[in-house]
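Visitor: I should like to examine this structure through a series of questions. Could you guide me through its architecture and its packing?

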Amino acid sequence: MMAALDAIAALVSRDLRAFARSRSQLYSSVLFPLMLLAILGTGVSEGLDPKNIDDYVTFLAPGMIVMTALFSSTFSSASYYADRDSGILKVLLASPHSTRVILLGKTLSAVIIGAGQALIVLAVAAAIPAIDFEWQYGVVPGLLLAFFAIIVLNLFLSGLGQLLASRIRSMQGFHLVMNLVLFPFLFFSGAFFPLADLPEWLKTLGRVNPLSYGVDALQLALYADDASGYFGVAVDVTVMTALAIAVFWLGTGRSVSEER
């Protein structure tokens, strides 16, 4: 057990150092959601005047935090291909440790990076005067709920990214599938418009969308003045936790010894 934990810690440290050297990944993952928050949020608030949302910029902030986690999971999972193509993955798999230990170390580093970037976006958004978080549960409980939602979302997305990366042969195919799967998830999650005001067929897509529960939890923590939200905190926490554990376990349990 101690040897496995040491191996996981070494892999996490390795990927974190690689991330620290790749500043473009940090800039693109954090600055793009903030730029979209400023441009889209202000444009819709001032140009379209949405009738069902009093403050669209603040409403959009939880969705941008989820987008940050989504981008980070995509970029971090792509490191699997760099390790595979350079031969590092073969060296790691030749160690006495199981495949799950190797993938667990790589996926945990993606969780740490994604959660850190999402928390940066949250901190910057909270510091912007134009964004007025309601903190309906209070600042400390709201922060705890937001932190929990961010961690669980990153567990789910990193597990999903690893699950897809270990089954798709090429990085180009991986990015194509991630775009086809995750971006519709984002659009149908309530990140850009309230699910309650949509037609029934879009509400159905929102209910089966895993990201909807993360967005709802963040909106309850930061924005909404309705204590029940769309699904409710209990439903959000239960669904997010169950999905994160299941997908993370599947993503780190894939046999990759035959991959080329």
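**Burial, packing and surface**

Guide: In this predicted model, Leu 153 counts as buried, because its relative accessibility is 5%. Leu 153 belongs to helix H7.

Visitor: Which residues does Leu 153 touch, not counting residues up to four places away in sequence?

Guide: Leu 153 is a buried residue at 5% relative accessibility, and its place is in helix H7. With residues up to four places away in sequence not counted, the residues that Leu 153 touches are Val 66, Leu 211, Gly 214, Leu 218 and Met 240.

Visitor: What separates the C-alpha atoms of Leu 153 and Leu 211?

Guide: Leu 211 is among the residues that Leu 153 touches. Along the chain the two are 58 residues apart, while the separation of their C-alpha atoms is 7.7 Å.

Visitor: How many helices does the protein have?

Guide: From the N terminus on, the elements run α-α-α-α-α-α-α-α-α-α-α. The count of strands is zero, and that of helices is 11.

Visitor: What percentage of contacts between residues at least 6 apart in sequence join residues at least 24 apart?

Guide: One such pair in contact is Leu 153 and Leu 211, which lie 58 residues apart along the chain. Among contacts in the protein between residues at least 6 apart in sequence, the share that joins residues at least 24 apart is 78%.

Visitor: Is Ala 110 buried or exposed?

Guide: Ala 110 is located in helix H6, which covers residues 99-127. The cut-off for burial is under 20% relative accessible area. Because its relative accessibility is 5%, Ala 110 counts as buried.

Visitor: Which residues are in contact with Ser 158, leaving aside its neighbours within four places in sequence?

Guide: Ser 158 lies in helix H7 and is buried, with a relative accessible area of 2%. Ala 110, for its part, is in contact with Ser 72, Ser 76 and Ser 158, its neighbours within four places in sequence being left aside. With the corresponding neighbours of Ser 158 left aside, its contacts are Ser 73, Ser 77, Thr 107, Ala 110 and Val 111.

Visitor: Why do the buried residues of H11 line one face of the helix?

Guide: Helix H11 spans residues 233-251 and reaches 26 Å from its first C-alpha to its last, close to the 27 Å expected. Its buried residues are Asp 236, Met 240, Ala 244, Val 247, Phe 248 and Gly 251. Seen down the axis of H11, they line one face because they fall within an arc of 100°.

Visitor: Which helices do the buried residues of H11 pack against?

Guide: Met 240 is one of the buried residues of H11, and Leu 153 touches Met 240. On the other side of H11, Ala 234, Thr 238, Ile 245, Trp 249 and Leu 250 are exposed. The helices against which the buried residues of H11 pack are H6, H7 and H10.

Visitor: What is the phi of Trp 135 near?

Guide: Trp 135 is in the loop between H6 and H7, and it counts as buried because its relative accessibility is 19%. Most residues other than glycine have a negative phi. Trp 135 has a positive phi, near 50°.

Visitor: What accessible area do Val 139, Val 140, Leu 143 and Leu 144 have together?

Guide: Val 140 is found in helix H7, residues 139-165, and is exposed, with a relative accessible area of 55%. Val 139, Val 140, Leu 143 and Leu 144 form a nonpolar patch on the surface, and their accessible area together is about 360 Å².

Visitor: How far apart are the closest N and O atoms in the salt bridge of Glu 200 with Arg 207?

Guide: A search of the whole structure finds one salt bridge. Glu 200 is partly exposed, with a relative accessible area of 47%, and Arg 207 is partly exposed, with 35%. In the salt bridge that Glu 200 forms with Arg 207, the closest N and O atoms are apart by 3.1 Å.

Visitor: What percentage of the accessible surface of the protein belongs to carbon and sulfur atoms?

Guide: Of the 260 residues in the protein, buried residues make up 48%. The accessible surface comes to about 12,000 Å², and the part belonging to carbon and sulfur atoms is 69%.

Definitions and conventions:
Residues numbered from 1 in each chain as written. Predicted model: local features only at pLDDT ≥ 70, side-chain atom pairs only at ≥ 80, totals over all residues. Heavy atoms only, no water. Helix = DSSP H or I, 4+ residues; strand = E, 2+ residues; numbered from the N terminus. Buried < 20%, exposed > 50% of the residue type's maximum accessible area, 1.4 Å probe, protein only. Contact = heavy atoms within 4.5 Å. Patch = residues over 30% accessible without salt bridge, like charges linked within 9 Å, V, L, I, M, F, W, Y side chains within 5 Å. Areas by Shrake-Rupley, 256 points an atom, 1.4 Å probe, with all protein chains shown as cover. Salt bridge = Lys/Arg side-chain N within 4 Å of Asp/Glu carboxyl O. Expected span 1.5 Å × (residues − 1). Arc of directions from axis to C-beta.
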